[in-house]
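Here are my notes for a colleague opening this model for the first time. Please read them with the structure beside you.

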Amino acid sequence: MSIKDTRYSKSTTPRSYNQGVFGATDTERKTFHIGHHDGKGRNPQLPIAIDRSYDYERGERFTIDRDRGSQRSRGSIRSRGSYSSSTHGSEKPLQEKVKDCCRMTIAFIFSNVGVCAMFVGYTIMGSFIFQVIERNDDAFKDISVEAERNRTIAYLWNITHHFNINNYRGWNDSTAVGVSSYQKYVIDAITRGYNGNDNATSYDPWSFEGGFLYSLTVITTIGYGHIVPKTTNGKIMTIVYTIFGMPVFLLYMANIGDILAKGLKWTYAKICICRHARDEQRYQPSAVWRSAATMFSSPVDPRYPAVLENGGGEGFELDPGQRRVLHTPDQISIGSESWRSVPSEKTDLSSVNIPITISLVILFALLYGGTELFQSFEDWDPLTSFYFCFISLTTIGFGDIVPGTSVSADNRINFIYCALYLMFGLALLSMCFNLMQEEVVHKVTTCVRSVTFFKRRKELN
Amino acid sequence: MPIERGRPSQRIHASGVGGSHQSSQRSHGRSSSSSRTSLHRCKDCCRKFISLMCTQVGVGSLLISYAIVGAFAFVAIEGEMGKATTNMTVEIHNQTLENLWRHTLKFNVLNRTMWSEEIDRTLIIFQRRVVKSIIKDGYEVMDPKDIWTFPASLMFCLSVFTMIGYGHMTPKTVPGKISTILYAVIGIPLYIVYFMNMGRVFAKTFKFLYRSIYRCVSQEKREAEEEARLSGWEEPAILVPSTACVWVMILYVVFGTVMFAEWENWSYLDSCYFSFTSLAKIGIGDIVPGIGSNGHTNDNATKLIINSMYLLVGMGLIAMCYTLMKEEFLTKINAANEEFKEKVYLCGLRLGLIVEDDEEDDEEIRHLPSRSMKPNRKSVRRR
């Protein structure tokens, strides 16, 4: 990879520095880039920092300008291109227009709103599809608990007529048989979707709400199984629907998780601004270390040995010194007013680390909120409600307890509440796990870095 | 080695782990000195145990033993404590009979309409109570002891920590529900570790197989490769295409389809539907092997156990596909990225936006870190 390329790699993928997938010169440059980025966050007016890192900082400013220059030039390329296309827009052929339209549609689909809309739209579509397919199924038409009851009453009357009230034993035995068969019928009806309402002929599990919850549970891999497809077409459709639905769901989860994570990080940075600022100072030198660590520990890169020989070792040795310099203003500035008057306007969100405890608190809040919510909608006890939330959010989804299927009332709207809770809850869950993973990885790298640092120092001494 | 022959367990351990040969040598050296205290031995054992636990074999056996322990625990919890609900339903049944008798005594055979109304009311109450006990309290038609047999319980545990959640049998009691939650909290991370581990192992194996097949098939390429290797070139990495992964998954689903269809006398569609929903972790649970149509557990426990093995291996295969596809995707993205960069650069050159002196700038940039940091290093040394 030539050196010129690295410039573009840096500016096109500014956040790729800890992936370690780019070339050797790239890595090297990244180290440097982050290094002077650290300097940027510090107050340059502090006297002690200046005399030690004067040279360093001048160089840094120089490169920043360079960087901006290159960005500007690149921007102008793009803008010029778009300008030319827009001036000739009037006589643009239809094909171009269609292409443009397609491009815009695709861009929109992959934006956050588009992904959400796609997810919800896909679920609603699934709901209608399953409704159409499964409505034709006449498995529920022959469920009439009322008719069976009347039959049982007639049977009992026959028994009573036969035995009269003189033969209690014979009457009792026969009645027990009748009641048992009736009970069996009711149980069978329940397993087929009967929910206790007497007008069972009009009962339809594949209502819009039911279908919505079914499609959602299928593509989120929860799979309650409170209603199941009975027809051949329904089963085939479930398989096809899942194959296309799961990527959509994963996309949605990643996207919403990302937005939520950013929002949370921003809030966290704003609320704990002072702490954050200090954290930033503590963490940013570590970014240098991280890049150094990736440089040394990425055997994936075939050009790795070259880095080690050329500039890598040098860069590594330099790091402790840099760290020292960066820490100097930190220690001084904590109490100083001038430092606080310069708030970090653009907080770099990627450097904010949410502690694990906060993620755990959010998880428990999610579970607790769900527990309270379903307790108020359904007449469940707290344990059942918590059990339901837990089983749902872990995507186990037994389906023994599902809101909206209770005996007493016809509250199928609860399916929708359940679906909304799942949509939001799963995204939040994925966010929390991502944040926790990030934090753990960060902790581990810090640990490894400090160990290597001390080892290195020993060697130096 | 002669000493080691007398310690077969150690040798097995060393061969099984592969990487820990050194440690076993160390311990063997220490054992020959015969001045080893029991504390040392204990420490050694612990170390070995931990290193074994970190291997694939360790994780797999840990997961299986976790499933077995869980199966026993749920048999104990649900089998014993689930009796209460059954008794309650029997009670409802008896109460209804009593009520019926009372009404019959009251009206006798003289007033049919009145009698019918009363009986109807009684039956409606009975029906409501039955529905409530089934839906809300989770009454089962069968004795919980018959439902919570060991293989069925094993299947339940598996469905909990793999997050499939068939729901064909669920805990009904309060301790059962609590222990299910706790079981999942510990089991799911364990399962994820297993999942990742198996994915890596399967990916390696599959890559190896694919590579050898690839070489066999394309003999010419192989010769070219030989030449390249002789002339000092590195062997080009053969990527497993994602279509191969998809084929493996399809074959696995087909295998499951045929297997379950033969065993359970299901239609092929049902069988395919079951395999697919299980492997996709949906677990709708309307059809589960080993459980008859009306909830009766069949005697053949082997089916359930083989089904569990099918699921565990299938999950490993999914992890493998995931790993391989990610690898391929990353490589392709990288290639596309470089191509794009090249294009942008060429475009910039052509438009005259990038001047040739760029190289000098970059040279400067390259030298900057060393220049700027050298004084710092000195400062460290001074301190």
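**Notes on the model**

1. Start with a helix pair in chain A. The axes of helix 13 (residues 356-377) and helix 15 (residues 414-460) of chain A come within 9 Å and cross at roughly 170°. That makes helix 13 of chain A roughly antiparallel to helix 15 of chain A, the term for angles over 145 degrees (under 35 is roughly parallel, 65 to 115 roughly perpendicular, the rest oblique). Axes here are lines fitted to C-alpha atoms, for helices over the stretch in contact, and angles run from 0 to 180 degrees between N-to-C directions. The contact of helix 13 with helix 15 of chain A has 19 nonpolar, 4 polar and 1 charged residues. Nonpolar covers Ala, Val, Leu, Ile, Met, Phe, Trp, Tyr, Cys and Pro; charged covers Asp, Glu, Lys and Arg; the others, Gly among them, are polar. Helices (H or I, at least four residues) and strands (E, at least two) are DSSP runs, numbered from the N terminus.

2. Keep the ground rules in mind. This is a predicted model: local features need pLDDT of at least 70, side-chain atom pairs count only at pLDDT 80 or more, and totals for chains, interfaces and linings use all residues. Residues are numbered from 1 along each chain as its sequence is written, chains are lettered from A and ligands numbered from 1 in the order in which they are written, and side-chain values use heavy atoms, with hydrogens and water left out.

3. Now the record for chain A. An unreviewed UniProt entry lists "transmembrane region" for residues 106-130, 211-229, 236-254, 352-371, 383-402 and 414-436 of chain A. UniProt positions are given in the numbering used here, feature names are shortened, and annotations may be inferred rather than shown by experiment. Residues 106-130 of chain A are 92% helix and 0% strand, with end C-alpha atoms 27 Å apart. Residues 383-402 of chain A are 55% helix and 0% strand, and their end C-alpha atoms lie 14 Å apart.

4. Chain B has its own list. The UniProt annotation "transmembrane region", again from an unreviewed entry, covers residues 57-77, 147-166, 178-196, 238-261, 273-292 and 304-325 of chain B. Residues 57-77 of chain B are 100% helix and 0% strand, with 30 Å between the end C-alpha atoms. Residues 304-325 of chain B are also 100% helix and 0% strand. Their end C-alpha atoms lie 31 Å apart.

5. How many aromatic pairs does the whole structure hold? A search finds 39 over all chains. Rings of Phe, Tyr and Trp (its six-membered ring) pair if their centres lie within 6.5 Å; planes under 30 degrees apart count as stacked, over 60 as edge-to-face and the rest as tilted. The rings of A:Phe119 and A:Phe249 have centres 5.9 Å apart and planes at 40°, so the pair is tilted. The pair links distant parts of the chain: A:Phe119 is in helix 5 (residues 112-135) and A:Phe249 in helix 9 (residues 232-271) of chain A, 130 residues apart. Both A:Phe119 and A:Phe249 are buried, meaning under 20% relative accessible area (exposed is over 50%, partly exposed in between; 1.4 Å probe, protein chains only).

6. Look at chain B for another geometry. The rings of B:Trp148 and B:Phe156 have centres 5.1 Å apart and planes at 75°, so the pair is edge-to-face. Both B:Trp148 and B:Phe156 are buried. They belong to one aromatic cluster, whose members include A:Phe398, B:Tyr66 and B:Tyr191.

7. Two lysines sit over rings. A:Lys235 lies over the face of B:Tyr273, 5.6 Å from the ring centre. B:Lys177 lies over the face of A:Tyr387, at 5.5 Å. The test is NZ of Lys or CZ of Arg within 6 Å of the ring centre and within 35 degrees of the ring normal.

8. Check two loop residues. A:Thr221 has a positive phi of about 60° although it is not a glycine. A:Thr221 lies in the loop between helix 8 (208-219) and helix 9 of chain A. Is A:Thr221 buried or exposed? A:Thr221 is buried, at 12% relative accessible area. B:Asn265 also has a positive phi of about 60° and is not a glycine. B:Asn265 is exposed, at 68%.

9. Finish with a long-range contact. B:Leu63 and B:Gly187 are 124 residues apart in sequence and 8.0 Å apart in space, C-alpha to C-alpha. B:Leu63 is in helix 5 (residues 56-81) of chain B and is buried, at 1% relative accessibility.
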